[in-house]
Amino acid sequence: QHRAVKAGKNILITDYQSLFYDDLVMPAGNLREWKSGRKRADWIIVSKSPQYLDENQKKNTVQKLKFNPSRVFFSSIIYGLSIPFGKTIESDIKHVLLVTGIANSKPLLHELQSKFEVESISFSDHHNFTLDDIETIHQKFGTFAPDRKAIITTEKDFMRLSELIETSDIKNYPWYYQPIEVKIDREEIFNNLIYQYVDTI
């Protein structure tokens, strides 16, 4: 959104659960500019959409955005298998403590709740974890039932936590991080639009 930069193409990304059309400009809402700014966009990506959206749901969303339907794409998050970076659990996990330091952990929370019994500890976005944080997390984890339990965090938070692995007792606890993949609908069409533009530069 650095307007001094003369972008060749503009992509507006809006969260499916919080469309810019339903939001307000700061401080009343989260928008940094008026909704009319969408006119600068060449394409809109509706991010964090449910994985299985039918055409009517997509049509209703596009109508709210008041944008050319052919230039609106929907992306969704695909969750992979959790990867251990602490002690590995041999049995099936039943209880999960979700630890996050991101702006919106709801999609991951909902995903885990469909599989496990979940409690969560949420820190502020871009949180830099400390040894005291690790101790607090492990104390909370200690209140869980004694077996079939794990601590799960995001891949982004894992990168920040990895700096504490050698100086804390993370390795003695079943810590896992959740990898994700972003899947976009009409992916070939979207990629071709990007390639066509790049070829003109």
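**Exercise 1. The open sheet**

Task: In this predicted model, state the order of the five strands in the open sheet and find which strands stand at the edges.

Solution.
- Step 1. The five strands of the open sheet follow the order 4-8-7-5-6, and their pairing is mixed.
- Step 2. The edges belong to strand 4 (83-84) and strand 6 (117-122); each has a single partner strand, so one side of each lacks a neighbour in the sheet.
- Step 3. Inside the sheet, strand 5 (residues 95-100) pairs with strand 7 (residues 149-154) in the parallel sense, over five bridges.
- Step 4. In this part of the sheet, Val99 has Thr153 of strand 7 opposite.
- Step 5. As background, strands of a sheet are paired by backbone hydrogen bonds, in a parallel or an antiparallel sense.

**Exercise 2. The chain as a whole**

Task: Describe the secondary structure of the chain, then its extent, burial and contacts.

Solution.
- Step 1. The chain has five helices and nine strands.
- Step 2. Along the sequence these elements give the pattern β-β-α-β-β-β-α-β-α-β-α-β-β-α.
- Step 3. The C-alpha trace spans about 55 × 40 × 35 Å along its principal axes.
- Step 4. Of the 201 residues, 39% are buried, where buried means under 20% relative accessible area.
- Step 5. Among contacts with a separation of 6 or more, 73% join residues 24 or more positions apart.
- Step 6. The accessible surface is about 12800 Å², and carbon and sulfur atoms hold 51% of this area.

**Exercise 3. The largest pocket**

Task: Give the volume of the largest pocket and work out which elements line it.

Solution.
- Step 1. The largest pocket holds about 1500 Å³ of space.
- Step 2. Its lining has 47 residues, and those nearest the centre are Leu12, Ile13, Thr14, Asp15 and Ser47.
- Step 3. At least two lining residues come from each of strand 1 (11-15), strand 3 (72-79), helix 2 (106-113), helix 4 (155-161) and strand 9 (180-184).
- Step 4. Strand 1 contributes the most, five residues.
- Step 5. By class, the lining of the largest pocket has 18 nonpolar, 15 polar and 14 charged residues.

**Exercise 4. The second largest pocket**

Task: Describe the second largest pocket by volume, lining and residue class.

Solution.
- Step 1. The space in the second largest pocket is about 410 Å³.
- Step 2. There are 17 lining residues; Lys48, Ser49, Tyr79, Pro107 and His110 are the closest to the centre of this pocket.
- Step 3. Strand 3 and helix 2 each give at least two residues to this lining; both also supply at least two residues to the lining of the largest pocket.
- Step 4. The lining of the second largest pocket divides into five nonpolar, eight polar and four charged residues.

Key: Residues numbered from 1 in each chain as written. Predicted model: local features only at pLDDT ≥ 70, side-chain atom pairs only at ≥ 80, totals over all residues. Heavy atoms only, no water. 1 Å grid on protein atoms, 1.4 Å probe; cavity = no way out; pocket = protein on both sides within 12 Å on 5 of 7 lines; lining within 4 Å. Points joined across faces, edges and corners; volume = space filled by probe spheres on them. Helix = DSSP H or I, 4+ residues; strand = E, 2+ residues; numbered from the N terminus. Nonpolar A, V, L, I, M, F, W, Y, C, P; charged D, E, K, R; others polar. Buried < 20%, exposed > 50% of the residue type's maximum accessible area, 1.4 Å probe, protein only. Contact = heavy atoms within 4.5 Å. Areas by Shrake-Rupley, 256 points an atom, 1.4 Å probe, with all protein chains shown as cover. Pairing = 2+ DSSP bridges.
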